[in-house]
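Work through the following exercises with the sequence and the model side by side, and try each task before reading its solution.

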Amino acid sequence: MKVLGLLIVMVGFFRHVDAQFPRVCTNDASLESKVCCPIPKGFTEPCGGPGRGQCANTPDPTVEDPAWKYAYQVDDRRHWPMVFFNRTCACEGNFSGHDCTKCTWGYRGPDCNIKQPPAVRRNIRDLSAQEKKTLQRYFDRAKNTTSDFVYALEFRDNIRGSEDFANVSVWDFFVAAHYYASRATTPPFNTGICKTEEDCSLDFAHEGAGFPTWHRAYLLEFDRAVQEVNNDPDWTLPYWDWGAAEDNQCDICTNEYVGANDADGNLDSRSVFASWGTICAHLIPFDVATHRNHTRPCNVTEVLGKLKRNPGKADTDSLGESMSRLPLATEVDFALRFPTYVTPPYSRTSNCSFRNLLEGFRRHQHRQVPAYHFLVVLL
């Protein structure tokens, strides 16, 4: 637990596969029929046909609870992806993907019957000079390669057709997907749907029992995307052991690794990543962004500025004091002493909960205060 991934990543799933929206399913006909069962290249039947996959009703994994507030019911993410597609590909065996042309995690080969050796994540400090350059090249290619998935610019009720979906790079797709899952709004309070402002807030990726497992799947999908872009199925994202860094500083914030930055977080112009633009950051207030009955999702076509990075010295006004420095090894050891994974009410107010400490919150004297975030986004 004294190590952490260099990136937090995932996507909403179509039957355990990556998605927001496959481009092939965002034509007007598919959106109107609510069917996403494409015929893969080289095949003659939807989802590849018998032995590979078939078009079937999309299962709804949503568990209803009387405690859910009414406003949650009008959030597209509650019954994902049924608000968009109620028939999708049900893949057989080890096949997966929106059209059943991929293999489920742990398998490879044209028939997805070859067991893949366990992936090993290496310490980024142990990479050779050539491997460091490969890491930067692979990331940069993902940033500059158009994804096979597109991103919705509106909530479902406001989508007019295919024109409300936008192309996005492989890298930015993961940025936008994380934003979409964790954005803290359902319908804005000014619509009158929520009884209180708190009723309008719902994060599907944080402050709950699924925090680590959601990001675990996200990370695996990111691995796969970078592998595919660079035609390297054995590549894996390295980890950074920040606990071993001198004076608890970002010792990989150099051009040799992820780019040197100044006191304000601006990257050195000589860094490979200095030219990268950012999306889904510094967004206008939710109520201002309201369109009809929902807040608009992030506009992935709008580049908001250059990449900034300053781990351990983040904006404490917006993110809390827990982000003023990197976690200490003693704090990690403290969290690991808690044997209970999560406790009621399964939120940021959960007391004596390993998950809550992992995410960066702790209870103290009956007051919820931020503790420390183990997961740091570097890129």
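**Exercise 1. The chain as a whole**

What area does the protein chain expose, and what percentage of it do carbon and sulfur atoms supply?

Solution. The model is a predicted one, in which local features need pLDDT of at least 70 and side-chain atom pairs count only at pLDDT 80 or more, whereas totals for chains, interfaces and linings use all residues. Residues are numbered from 1 along each chain as its sequence is written, and side-chain values use heavy atoms, with hydrogens and water left out. The exposed area of the protein chain is about 18700 Å², and carbon and sulfur atoms supply 52% of it; accessible areas come from the Shrake-Rupley method with a 1.4 Å probe, and for residues only the protein chains shown count as cover. Of the 379 residues in the protein chain, 48% are buried, where buried means under 20% relative accessible area, exposed over 50%, and partly exposed in between (1.4 Å probe, protein chains only). Among contacts (heavy atoms within 4.5 Å) with a separation of 6 or more, 66% are made by residues 24 or more positions apart. The secondary structure comes to seven helices and 16 strands, which are DSSP runs numbered from the N terminus (helices H or I, at least four residues; strands E, at least two).

**Exercise 2. A small sheet**

Determine the strand order of the open sheet that contains E2, and identify its edge strands.

Solution. The order is E2-E10-E11, with antiparallel pairing. The edge strands, each of which pairs on one side only, are E2 (21-22) and E11 (165-166). Strands count as paired if DSSP finds at least two bridges between them, and E2 is joined to E10 (residues 149-152) by two bridges. Within this pairing, Pro22 stands opposite Phe149 in E10.

**Exercise 3. Three disulfides**

For the disulfides of Cys37, Cys47 and Cys91, find the partner of each cysteine.

Solution. The structure holds seven disulfides, each being a pair of cysteine sulfur atoms within 2.5 Å.

- Cys37 is joined to Cys55 with an S to S distance of 2.0 Å, and the link is right-handed, with 75 degrees about the S-S bond. Because Cys37 lies in the loop between E3 (35-36) and E4 while Cys55 lies in strand E4, this pair ties together parts that are 18 residues apart in sequence. Cys37 is buried at 13% relative accessible area, whereas Cys55 is partly exposed at 24%.
- Cys47 is joined to Cys89, with sulfur atoms 2.0 Å apart, and the torsion of about -85 degrees about the S-S bond makes this disulfide left-handed. Cys47 is buried at 0% relative accessible area, and Cys89 is buried at 4%.
- Cys91 is joined to Cys100 at 2.1 Å from S to S, and the torsion is about -95 degrees, so the disulfide is left-handed. Cys91 is partly exposed at 26% relative accessibility, while Cys100 is buried at 0%.

**Exercise 4. Charged pairs across the sequence**

Which residues form salt bridges with Lys102 and Lys132?

Solution. The structure holds 13 salt bridges, a salt bridge being a side-chain nitrogen of Lys or Arg within 4 Å of a carboxyl oxygen of Asp or Glu. The partner of Lys102 is Glu228, at 3.5 Å from N to O. Since Glu228 lies in helix H4 (residues 211-230) and Lys102 in strand E7 (residues 102-103), the pair ties together parts that are 126 residues apart in sequence. Glu228 is partly exposed at 45% relative accessibility, whereas Lys102 is buried at 18%. The partner of Lys132 is Glu256, with the closest N and O atoms 2.3 Å apart; Glu256 is partly exposed at 44%, and Lys132 is buried at 12%.

**Exercise 5. An arginine in a loop**

Is Arg78 buried or exposed, and which residues does Arg78 touch?

Solution. Arg78 is found in the loop between E4 (53-57) and E5 (87-91), and Arg78 is buried, with a relative accessible area of 5%. Leaving aside residues up to four places away in sequence, Arg78 touches Thr62, Val63, Glu64, Trp68, Tyr72, Gln73, Leu202 and Phe204. The C-alpha atoms of Arg78 and Pro61, which are 17 residues apart along the chain, are separated by 9.4 Å.
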